[in-house]
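Q: Please take me through one part of this model slowly. I would like to know which residues face the nucleic acid and how they do it, and then how the protein around them is put together.

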There are 2 protein chains.
Amino acid sequence: MKNQGEDILKNSALSVTASRKRILEIFLSADNALAHQDIETKCAEQYDRVTIYRTLQTFLEKGIIHNIPSTDNMVRYALCNETCITSGHHHDNHVHFKCDNCGKTVCLDDVNIPAVNLPKGYTMKEINMVVNGTCKSCK
Amino acid sequence: MKNQGEDILKNSALSVTASRKRILEIFLSADNALAHQDIETKCAEQYDRVTIYRTLQTFLEKGIIHNIPSTDNMVRYALCNETCITSGHHHDNHVHFKCDNCGKTVCLDDVNIPAVNLPKGYTMKEINMVVNGTCKSCK
DNA sequence: TTAAGAATGCAACTTTGTTGCAAAAGTATT
DNA sequence: AATACTTTTGCAACAAAGTTGCATTCTTAA
Ligand SMILES: [Mn+2]
Ligand SMILES: [Mn+2]
Ligand SMILES: [Zn+2]
Ligand SMILES: [Zn+2]
């Protein structure tokens, strides 16, 4: 195995390009979820803004990353676990945490979203839970 | 009581202006959460875009409306219940539902967000839950 | 009615996101 | 290794979303 990013791309039947490898590398070495802006900052001199948009879109569709909702108009992205990548669709059922202090958003991979009962007539397809507060680094 | 919107403004110690009354009216008569864009569509000929931004911001701070996170870069807003308005900060603990079919986002006022256990070191301040699927009108 | 303070509209600007198309790079085949 | 085919990229041009400062207008309270 030469390169983890390369493997992910091949497993998802995507062609291996420099920008895709670089963006995956950024995700793989990040300890928190990233907004488009974050990625742009890390590689805008190398790759076009449009390419980053398109790459994130592709990664989402292939189940390589998932997006995390927010109230600040900054959708953030994080790597999915193996299951999403191999099955081609999302199986993310974990809670997300956004720290009000350091601003970082993280996946709490071990915290499952609890079940919720919807009123009659509503059908659930996907569920998202985002907790705000103070993270363990900032407490 | 001449006007419900006027009352809300007075209770929040806000001056009563035409644009604020109009925007409140829009919320009061809406059956779903509204994005900035939705409000703009309903009153852009009357009021400036900037005024709408500032009004929503003010309403948020006063606990008149709350915002609903999303993965589509369209934060939506809905009226808070009395408790938020009178106490000046948010007490919204209900689940939100976004229909993939009609696109509407609604407050499920009767569905409380279930408790969740965070890992050691994390402190919760706020919690958001958004469910996607098919709503009762679209089923 | 008036004076002080707050909200609004406007202009100018920045940031974010989208689209079409030609050039470049990647992949599969010989 | 060269080829042909397909996909991805960069660029340009644009559209949409959001921000800021400031002069004018509106609200409120005295
Ligand atoms: Mn996650
Ligand atoms: Mn709500
Ligand atoms: Zn933190
Ligand atoms: Zn619906």
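A: What follows goes through the surface near each DNA strand, and then some details of the protein itself. The model is predicted, so it should be read as a prediction throughout.

Start with DNA strand C. The protein places 19 residues around this strand, and the closest of them are A:Gln37, B:Thr17, B:Ser19, B:Thr51 and B:Arg54. Which part of the strand does the protein lie against? Of the atoms of DNA strand C within 4 Å of the protein, 65% belong to sugar or phosphate, while the rest belong to bases. Sorted by class, the residues of this surface are 5 nonpolar, 9 polar and 5 charged.

Several contacts to phosphate can be named. A backbone N or O atom of A:Val16 is 2.8 Å from a phosphate oxygen of DNA strand C. B:Thr17 uses its side chain instead, with an N or O atom 2.8 Å from a phosphate oxygen of the strand. B:Arg20 also has a polar side-chain atom 2.8 Å from a phosphate oxygen of DNA strand C. The elements that give two or more residues to this surface are helix 4 (49-62) of chain A, and helix 2 (18-28) and helix 4 (49-62) of chain B. Helix 4 of chain A gives the largest share, 4 residues.

Now turn to DNA strand D. Here 18 residues surround the strand, and A:Thr17, A:Ser19, A:Arg20, A:Thr51 and A:Arg54 come nearest. Of the atoms of DNA strand D within 4 Å of the protein, 64% are from sugar or phosphate and the rest are from bases. By class, this surface has 5 nonpolar, 8 polar and 5 charged residues.

The phosphate contacts on DNA strand D can be listed in a similar way. An N or O atom in the side chain of A:Thr17 lies 2.7 Å from a phosphate oxygen. B:Val16 has a polar backbone atom 2.8 Å from a phosphate oxygen of the strand. For B:Tyr53, a polar side-chain atom lies 2.9 Å from a phosphate oxygen of DNA strand D. Helix 2 (18-29) and helix 4 of chain A, together with helix 4 of chain B, are the elements that give two or more residues to the surface near this strand. Helix 4 of chain B gives the most, with 4 residues.

Next comes helix 1 of chain B, residues 4-11, whose buried residues are B:Gly5, B:Glu6, B:Ile8 and B:Leu9. These residues cover an arc of only 160 degrees around the axis, so they are on the same side of helix 1 of chain B. B:Lys10 and B:Asn11 are exposed on the other side of the helix. The N-terminal end of this helix is capped by B:Asn3, which has a side-chain oxygen 2.7 Å from the backbone nitrogen of B:Gly5. After the helix comes B:Ala13, with a positive phi near 60 degrees.

Chain B also has donors to a metal. The manganese ion (ligand 2) has as protein donors B:His66 (NE2), B:His94 (NE2), B:His96 (NE2) and B:Cys107 (SG), which lie 2.0 to 2.2 Å from the ion. B:His66 is in strand 2 (residues 65-68) and B:Cys107 is in strand 5 (residues 105-112) of chain B, so the pair ties together parts 41 residues apart in sequence. B:His66 is buried, at 5% relative accessible area, whereas B:Cys107, at 22%, counts as partly exposed.

Finally, consider aromatic pairs, of which there are 2 over all chains. A:Phe97 and B:Tyr122 form an edge-to-face pair, 4.8 Å centre to centre with 75 degrees between the planes. A:Phe97 lies in strand 4 (residues 94-99) of chain A and B:Tyr122 in the loop between strand 5 and strand 6 (123-134) of chain B, so this pair joins two chains. A:Phe97 is buried at 0% relative accessible area, and B:Tyr122 counts as buried at 17%. A:Tyr122 and B:Phe97 also make an edge-to-face pair, with centres 4.8 Å apart and planes at 75 degrees. That pair crosses between chains, from the loop between strand 5 (105-112) and strand 6 (123-134) of chain A to strand 4 (residues 94-99) of chain B. Both A:Tyr122 and B:Phe97 are buried.

Terms used: Residues numbered from 1 in each chain as written. Chains lettered and ligands numbered in written order. Predicted model: local features only at pLDDT ≥ 70, side-chain atom pairs only at ≥ 80, totals over all residues. Heavy atoms only, no water. Donors = N, O, S within 2.8 Å, 3.2 Å for Na, K, Ca; no water. Buried < 20%, exposed > 50% of the residue type's maximum accessible area, 1.4 Å probe, protein only. Near = heavy atom within 4 Å. Polar contact = N/O pair within 3.5 Å; in protein donor to acceptor, adjacent residues only side chain to side chain. Nonpolar A, V, L, I, M, F, W, Y, C, P; charged D, E, K, R; others polar. Phe/Tyr/Trp six-rings, centres within 6.5 Å; stacked < 30°, edge-to-face > 60°. Arc of directions from axis to C-beta.
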